[in-house]
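The following exercises concern a predicted model. Each task is followed by a solution that proceeds step by step.

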Amino acid sequence: MVYNNDFEITDEDRKIIGIIGSAIGNEDNRKFRNEALKTREKKLKDLNETKDKFFSIIAHDLKGPVSGIIGISALLKEEAKNLDISTIVQYAELINNSSLQTHQLLDNLLKWARMQEGKISFNPVTNELQLVADEVILLLSDLATRKKLMITNNVPAQLMVKADTEMLKTILRNLISNAIKFTPTSGKIEIKASIKGSEIEIVVADNGVGIKAENVCKLFMTDITFSTHGTENERGTGFGLILCKEFVERHGGIITVESIPGKGSQFKFTLPYHSNY
């Protein structure tokens, strides 16, 4: 017997996320139900991994720098009258560094959470890549100056990319700040780009500590918490790279890593090319 059948697909909050409607027989009906259940199970698994990652970062990586800020500021408050100006400046730099790291982590967390809920807007427009890179480099210039790092913007002038401007800035900010974190004093960081058919390949390269081959595959995985400390013991969560991957894929691009321990890393990602002609 053949009959009409509607089958609802819901998420973990029992909110309807899809309806399968068709004229099917009993055997086909079972197949459709099984496929729908598999789809729902995968979505729930992904949501659970997302939730676990979110809470792990809040519990460990966010608590650490906040506790550091409280501890150092309390010490400064109690002993400021007895400290020389150079020590006070040193404490202030520690507080500032922890604050900047915490702010970036919070910003990434909020953007990622909004994206998981489908609430983040996506408005691709034409961007002059060199100018966007300059803006991000300027934003991170204090961090680079403290480590005496040279950041070179070798993106060709008037190279246009079709991208959501805020997402593009977030991708570059995370990749460049990671390069700063894992490049030793007096090191070099380079941003470059080239046209590859209908896409632009953007590269953030450094001559830092590099990444072991067995760890490269862990960088973009939500179900594995992988992080290391920077060359000056800077804290990291690896969370920014997960956000980069999602933003790049939202544009239909891919992100890859090439790295040699002790020699440096190259993070490459692609975005749609926009020709002026």
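**Exercise 1. The sheet**

Task: Determine which way strand 4 and strand 6 run, and how many bridges join them. Then place both strands in their sheet.

Solution.

Step 1. Strand 4 and strand 6 (residues 188-196) run parallel, and 4 bridges join them. One of the residue pairs can be named: Thr152 has Glu190 in strand 6 as its bridge partner.

Step 2. Helix 3 packs on the sheet and touches strand 4, strand 6 and strand 7 (199-206). The direction of helix 3 makes about 165 degrees with that of strand 4.

Step 3. The open sheet has 5 strands in the order 4-6-7-9-8, and its pairing is mixed. Strand 4 (150-153) and strand 8 stand at the edges with a single partner strand each, so one side of each has no neighbour in the sheet. From one strand to the next, the twist averages 15 degrees.

Step 4. As a general rule, strands of a sheet pair through backbone hydrogen bonds, in either the parallel or the antiparallel sense. Strand 3 (residues 124-128) and strand 5 provide an antiparallel case, with 5 bridges. Here Glu128 has Met160 in strand 5 as its bridge partner.

Step 5. Consider also how strand 5 (residues 160-164) is covered: 4 of its 5 residues are buried.

**Exercise 2. Salt bridges**

Task: State how many salt bridges a search of the whole structure finds. Then describe the pairs Lys169 and Glu135, Lys245 and Glu249, and Lys268 and Glu258.

Solution.

Step 1. The search finds 4 salt bridges. In general, side chains of opposite charge can pair when their charged atoms come close.

Step 2. Lys169 and Glu135 form a salt bridge through their side chains, at 2.9 Å from N to O. This pair links distant parts of the chain, for Lys169 belongs to helix 5 (residues 165-181) and Glu135 to helix 3 (residues 129-139), 34 residues apart. Buried means under 20% relative accessible area. Lys169, with 19%, is therefore buried, while Glu135, with 43%, counts as partly exposed. A network of salt bridges links Glu135, Glu166 and Lys169.

Step 3. The side chains of Lys268 and Glu258 meet at 3.1 Å, N to O, in another salt bridge. Lys268 is in strand 9 (residues 264-272) and Glu258 is in strand 8 (residues 255-260), so this pair ties together parts that lie 10 residues apart in sequence. Lys268 is buried at 16% relative accessibility, whereas Glu258 is partly exposed at 41%.

Step 4. Lys245 and Glu249 also meet in a salt bridge, at 2.8 Å from N to O. Both lie in helix 7 (residues 239-250); because they are 4 residues apart, about one helical turn separates them. An α-helix has 3.6 residues a turn, so residues three or four places apart point the same way. Lys245 is partly exposed at 27% relative accessibility, and Glu249 is partly exposed at 42%.

**Exercise 3. Two helices**

Task: Compare the expected span of helix 5 with the separation of its end C-alpha atoms, and do likewise for helix 7.

Solution.

Step 1. Helix 5 has 17 residues; at 1.5 Å a residue it should span 24 Å, and its end C-alpha atoms are 24 Å apart, which agrees.

Step 2. Of the 17 residues of helix 5, 15 are buried, so the rest of the structure largely encloses this helix. Asp164 caps its N-terminal end, with a side-chain oxygen 3.2 Å from the backbone nitrogen of Glu166.

Step 3. For the 12 residues of helix 7, the expected span is 16 Å, and the end C-alpha atoms are 17 Å apart, which agrees. The buried residues of helix 7 include Phe239, Leu243 and Phe247. Just after helix 7, Gly252 has a positive phi of about 85 degrees.

**Exercise 4. A histidine in a loop**

Task: Decide whether His251 counts as buried or exposed, and describe its surroundings.

Solution.

Step 1. His251 lies in the loop between helix 7 and strand 8. With 11% relative accessibility, against a cut-off of under 20%, His251 counts as buried.

Step 2. A polar atom of the His251 side chain lies 2.8 Å from the backbone oxygen of Phe247.

Step 3. Beyond its neighbours within four places in sequence, His251 contacts several residues, among them Phe122, Asp164, Met167 and Pro272.

Definitions and conventions:
Residues numbered from 1 in each chain as written. Predicted model: local features only at pLDDT ≥ 70, side-chain atom pairs only at ≥ 80, totals over all residues. Heavy atoms only, no water. Buried < 20%, exposed > 50% of the residue type's maximum accessible area, 1.4 Å probe, protein only. Expected span 1.5 Å × (residues − 1). Polar contact = N/O pair within 3.5 Å; in protein donor to acceptor, adjacent residues only side chain to side chain. Contact = heavy atoms within 4.5 Å. Pairing = 2+ DSSP bridges. Axes fitted to C-alpha atoms, helices over the stretch in contact; angles between N-to-C directions.
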